[in-house]
Amino acid sequence: MSDAAADLAGSAGAESSAARQQQQLMASGHERPEDDRCPICFDLIELPVGKHSKLNVCCSKRVCNGCILAAYQRGLKGCPFCRTPLPTDDASMLAMVQKRVHKGDAEAIYFLGCKYNHGELGMAKNAPRAIELWTEAAELGSFNAHSELGHTYYCGDGAEEDKPRGIHHWQLAAMKGHVVSRHNLGIVDYQNGNRQLALQHWIISAEMGNEQSLNGMKEMFKKGHATKEQYAEALIGYRDSVEEMKSPQREEAKRLGF
């Protein structure tokens, strides 16, 4: 085979591989991961997850605000899931996190990375250490860590900008059902002029309950880049998803500002 023919074959192989990866990306991650479910009521936690739940560092379980409120009303003073007494200060919280980290807990490693990134729990801000921890957590399967690495590399926030690397991390997270990463991929494709791919991403994430994706689709519809049927499909899926995440306890928690 001549060098030119070999180059053509290599190029065709790369394009075929990219097409397969794109197909896999669009075919997977249409449902949120089980880790997004409250381990007490078993319902998916409302989005954004960080606003409507709390991660307990003693057991690395994220409990929704409704179940936290219910535990408080029953007089429970410790963790709503494992009953461990809650940490009283930064030092005790850090000790709990490090105990889970030493056991190879992916979410604890991710959480510790976030604390290094923001300089919390009495630690100096250390972006390189945060990236190390997120990389370790991602290798252990943390989609949250993949999402953070996606932002870090795509935006050059704490590391040298590397957009392809950032997109790759978002893709890995999206294929695991990480809603924000899926939404971000839609933004990337929209900015790059790939409107149909952006639309597909946002339909998926809107139907999982992401309001930003729904709003993005609304703007595309107004500009004639999405059909009425596509927007209606996403709107119905979004409403159904949001409704499924509601509960009397969660609504009471919102009312009380819990």
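**Domain contacts and cysteines in the model**

The C-alpha centres of domain 2 and domain 3 are 27 Å apart in this predicted model. These domains span residues 89–176 and 178–242 of the protein chain, and domain 1 covers 29–86. The contact between domain 2 and domain 3 involves 10 residues of domain 2 and seven residues of domain 3.

Between them, domain 2 and domain 3 bury about 770 Å², of which 63% is on carbon and sulfur atoms. On the domain 2 side, the residues that lose the most area to domain 3 are Y154, W170 and A174, which together account for 56% of what that side buries. Zero salt bridges are found across the interface of domain 2 and domain 3. Polar contacts between domain 2 and domain 3 amount to three residue pairs. The side of domain 2 that touches domain 3 receives at least two residues from each of α6 (143–155) and α7 (163–174). Of the elements on that side of domain 2, α7 gives the most, with five residues.

The cysteines were examined as well. A disulfide requires two cysteine sulfur atoms within 2.5 Å, and by this rule the count is zero disulfides. The cysteine sulfur closest to that of C41 belongs to C38 and lies 3.8 Å away, so the distance is too far for a bond. C79 is likewise in no disulfide, as the nearest cysteine sulfur, that of C58, is 3.7 Å away. As for accessibility, C41 is partly exposed, with a relative accessibility of 26%, whereas C79 is buried, with a relative accessible area of 0%.

Technical notes: Residues numbered from 1 in each chain as written. Predicted model: local features only at pLDDT ≥ 70, side-chain atom pairs only at ≥ 80, totals over all residues. Heavy atoms only, no water. Buried < 20%, exposed > 50% of the residue type's maximum accessible area, 1.4 Å probe, protein only. Domains from an automatic or database assignment. Contact = heavy atoms within 4.5 Å. Buried area = accessible area lost by both parts, 1.4 Å probe. Salt bridge = Lys/Arg side-chain N within 4 Å of Asp/Glu carboxyl O. Polar contact = N/O pair within 3.5 Å; in protein donor to acceptor, adjacent residues only side chain to side chain. Helix = DSSP H or I, 4+ residues; strand = E, 2+ residues; numbered from the N terminus.
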